[in-house]
Amino acid sequence: MSTEKPSAYLRFLNLIDTLDRINPGKKLDAIEKSLLDRIVTAAHTKQTILVGDLISLSDLGSQATLHGRLKNLVAMGYIKMASNDDGRKKEVLPTKAAIKRYEDISKCLEKALKSA
């Protein structure tokens, strides 16, 4: 058995796991995390991101898969969709729950680094 202290990254992963166990109904899969990361990043940089932009990310999955994951994120309360001016395109926006999730993740990162 190793007596070495776990790395900051391993401590971070353990804290994230604890965070996910606190909110078991809102655990995201890898595709949902990737989509939410892009949505929150776009919102942070004041860029508009549309449903069409997200479902065209073929490196994450098929359009049907991505559309389903977006629906899951809406159902979990992490994103909302707003029609643009002409109503044909939908902008994807993070909700307060999504912003709080990233604040909680940031706190986990800070805590993992302080434990070093």
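Which side chain does R38 meet in a salt bridge? The partner is D59, with 3.8 Å from N to O. Keep in mind throughout that this is a predicted model.

## Salt bridge between α2 and a loop

R38 sits in helix α2, while D59 belongs to the loop between α3 and α4, so this pair ties together parts that are 21 residues apart in sequence. As for solvent, R38 is partly exposed, at 35% relative accessible area, and D59 counts as exposed at 59%.

## Salt bridges inside helices

The R38 and D59 contact has company: searching the whole structure turns up five salt bridges. One of them links R21 and D17, whose closest N and O atoms are 2.8 Å apart. Both residues lie in helix α1, four residues apart, or about one turn of the helix. That spacing makes sense, because an α-helix has 3.6 residues a turn and residues three or four places apart point the same way. R21 is exposed, with a relative accessible area of 56%, whereas D17 comes out as partly exposed at 31%.

Helix α5 (residues 96-114) has a pair with four-residue spacing too: D104 and K100, about one turn of the helix apart. Here the closest N and O atoms are 3.0 Å apart. What about solvent: is D104 buried or exposed? At 15% relative accessibility it counts as buried, since the cut-off for that is under 20%. K100, on the other end of the bridge, is partly exposed at 47%.

## The aromatic pair in α1

Back in helix α1 (residues 8-22), there's a ring pair to look at. The count of aromatic pairs comes to one. It's Y9 with F12: the ring centres are 6.2 Å apart and the planes sit at 40°, so the pair is tilted. Along the helix, Y9 and F12 are three residues apart, which means about one helical turn between them.

The two rings' residues fare differently with solvent. Y9 counts as exposed, at 55% relative accessibility, but F12 is buried, at 14%.

## Helix α4 and its two sides

Helix α4 covers residues 63-75, and its length checks out: at 1.5 Å a residue, 13 residues should span 18 Å, and the end C-alpha atoms are indeed 18 Å apart. Which residues of α4 are buried? They are L66, L70 and L73. These leucines cover an arc of only 60° around the axis, so they fall on the same side of α4.

What covers those buried residues includes α2 (30-44), α3 (51-55) and β1. Turn to the other side of α4 and you find A64, K71 and A75, which are exposed. Just after the helix comes G77, with a positive phi of about 85°.

## The β hairpin

Strand β1 (residues 79-83) runs antiparallel to strand β2 (residues 90-94), and five bridges join the two. If you want a register marker, M81 in β1 stands opposite V92 in β2. Six residues lie between the strands of this hairpin, and G87 takes a positive phi near 80° there.

β1 also ties back to the helix section above, as it is among the elements covering the buried residues of α4.

Notes
Residues are numbered from 1 along each chain as its sequence is written. This is a predicted model: local features need pLDDT of at least 70, side-chain atom pairs count only at pLDDT 80 or more; totals for chains, interfaces and linings use all residues. Side-chain values use heavy atoms; hydrogens and water are left out. Two strands pair if DSSP finds at least two bridges between them. Rings of Phe, Tyr and Trp (its six-membered ring) pair if their centres lie within 6.5 Å; planes under 30 degrees apart count as stacked, over 60 as edge-to-face and the rest as tilted. Buried means under 20% relative accessible area, exposed over 50%, partly exposed in between (1.4 Å probe, protein chains only). The expected span of a helix is 1.5 Å times one less than its number of residues. The arc is that of the directions from the helix axis to the C-beta atoms. Contact means heavy atoms within 4.5 Å. A salt bridge is a side-chain nitrogen of Lys or Arg within 4 Å of a carboxyl oxygen of Asp or Glu.
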